[in-house]
Amino acid sequence: MPIITFSPQEKRVEVRLGETVLRAASKGRVVVSQRCGGNGSCTMCKVFISPDSCVSQPKEVERRMLGDDNLASGMRLACQTLVQGTVKVEVPESPLKAYIRAQLRSQKQGE
Ligand code: FES
């Protein structure tokens, strides 16, 4: 069974071929934001797939929602990307978490 590695959590999850990256994240208790239940309409499940990973080609919904530039950078929708072998995934920090981190940092610097 393929192994999928999530960073920065450094979680390794064994998955079945054809499983989505979103499902694998859920199995490994890795938080990947989503709001649409995995049907490709919310674009909240964006992740970055390492170029040496074995995953499915982008579906039409990904091409439409992400665009060619984002796809070329390795961005994919976790709910639409199927595992086809060893995969390395970078999960971006949520915008809310990044905002809170920036606020805390600026408070600390102001003290
Ligand atoms: S979960 Fe909504 S687009 Fe992937």
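## Exercises on a predicted model

Phe48 stands opposite Glu90 in E5. The model behind these exercises is predicted.

### Exercise 1. Place the strand pairing in the chain

Work out which strands pair with E3 and E5, and in which sense.

**Solution.**

Step 1. Start from Phe48 and Glu90, which face each other. E3 and E5 pair in the antiparallel sense, over two bridges.

Step 2. Turn to E4, the other partner of E3 here. E3 and E4 run antiparallel and are joined by three bridges. Within this pair, Lys46 is opposite Leu77.

Step 3. Go on to E1 (residues 3-7). Four bridges link E1 to E5 (residues 87-90), and the two run parallel. Thr5 faces Lys88 of E5 in this pairing.

Step 4. Finish with E2 (residues 11-14). E2 pairs with E1 in the antiparallel sense over four bridges. Phe6 is opposite Lys11.

Step 5. Look at the turn. Three residues separate the strands in the hairpin of E1 and E2, and Glu10 there has a positive phi near 55°.

### Exercise 2. Set the strands in the whole chain

State the order of helices and strands along the sequence, and describe the chain as a whole.

**Solution.**

Step 1. Count the elements. The chain has three helices and five strands.

Step 2. Put them in order. The pattern along the sequence is β-β-α-β-α-β-β-α.

Step 3. Give the extent. Along the principal axes, the C-alpha atoms fill a box of roughly 50 × 30 × 25 Å.

Step 4. Give the surface. The accessible surface comes to about 7,100 Å², and carbon and sulfur atoms hold 50% of it. Of the 111 residues, 37% count as buried.

Step 5. Check the contacts. Among contacts with a separation of 6 or more, 60% join residues 24 or more positions apart.

### Exercise 3. Find the core

Which residues have the most contacts inside the largest nonpolar core, and which elements supply it?

**Solution.**

Step 1. Take the core itself. It has 24 residues, and the most contacts inside it belong to Ile4, Phe6, Val21, Val32, Val47 and Val89.

Step 2. Assign the suppliers. At least two core residues come from each of E1, H1 (21-27), E3 (46-49), H2, E4 and E5. H1 gives the most, with four residues.

Step 3. Follow one residue. Val21 touches Ile4, Phe6, Val47, Ile49, Ala78, Thr81, Val83 and Val89, leaving aside residues up to four places away in sequence.

Step 4. Split E3 by face. Val47 and Ile49 form its covered face, while Lys46 and Phe48 form the uncovered one.

### Exercise 4. Explain two polar residues with no accessible area

Decide whether Thr81 is buried or exposed, then do so for Glu62. List what surrounds them.

**Solution.**

Step 1. Locate Thr81. It lies in the loop between E4 (75-77) and E5.

Step 2. Apply the cut-off. Thr81 has a relative accessible area of 0%, so it is buried, since buried means under 20%.

Step 3. List its neighbours. Beyond four places in sequence, Thr81 touches Glu19, Thr20, Val21, Ile49, Val55, Ser56, Glu62 and Arg76.

Step 4. Move to Glu62, which sits in helix H2. Its relative accessible area is 0%, so Glu62 is buried.

Step 5. Find the polar partners of Glu62. The side chains of Thr81 and Glu62 make a polar contact at 3.5 Å. A polar atom of the Glu62 side chain also lies 3.0 Å from the backbone nitrogen of Leu77.

Step 6. Complete the surroundings. Beyond four places in sequence, Glu62 touches Gln57, Gly67, Leu71, Arg76, Leu77, Gln80 and Thr81.

Step 7. Contrast Glu60 of helix H2 (residues 60-72). Its relative accessible area is 54%, so Glu60 is exposed, since exposed means over 50%. Glu60 and Gln80 are 20 residues apart in sequence, with C-alpha atoms 9.9 Å apart.

### Exercise 5. Test the length of H3

Which span should helix H3 have at 1.5 Å a residue, and what is the distance between its end C-alpha atoms?

**Solution.**

Step 1. Count residues. H3 (residues 95-110) has 16.

Step 2. Use one less than the number of residues, times 1.5 Å, for the expected span. For H3 this gives 22 Å.

Step 3. Compare. The end C-alpha atoms of H3 are 23 Å apart, which agrees.

Step 4. Add the cover. H3 is hardly covered, with a count of zero buried residues among its 16.

Definitions and conventions. Residues numbered from 1 in each chain as written. Predicted model: local features only at pLDDT ≥ 70, side-chain atom pairs only at ≥ 80, totals over all residues. Heavy atoms only, no water. Buried < 20%, exposed > 50% of the residue type's maximum accessible area, 1.4 Å probe, protein only. Pairing = 2+ DSSP bridges. Polar contact = N/O pair within 3.5 Å; in protein donor to acceptor, adjacent residues only side chain to side chain. Contact = heavy atoms within 4.5 Å. Areas by Shrake-Rupley, 256 points an atom, 1.4 Å probe, with all protein chains shown as cover. Core = buried A, V, L, I, M, F, W, Y, C linked by side-chain atoms within 4.5 Å.
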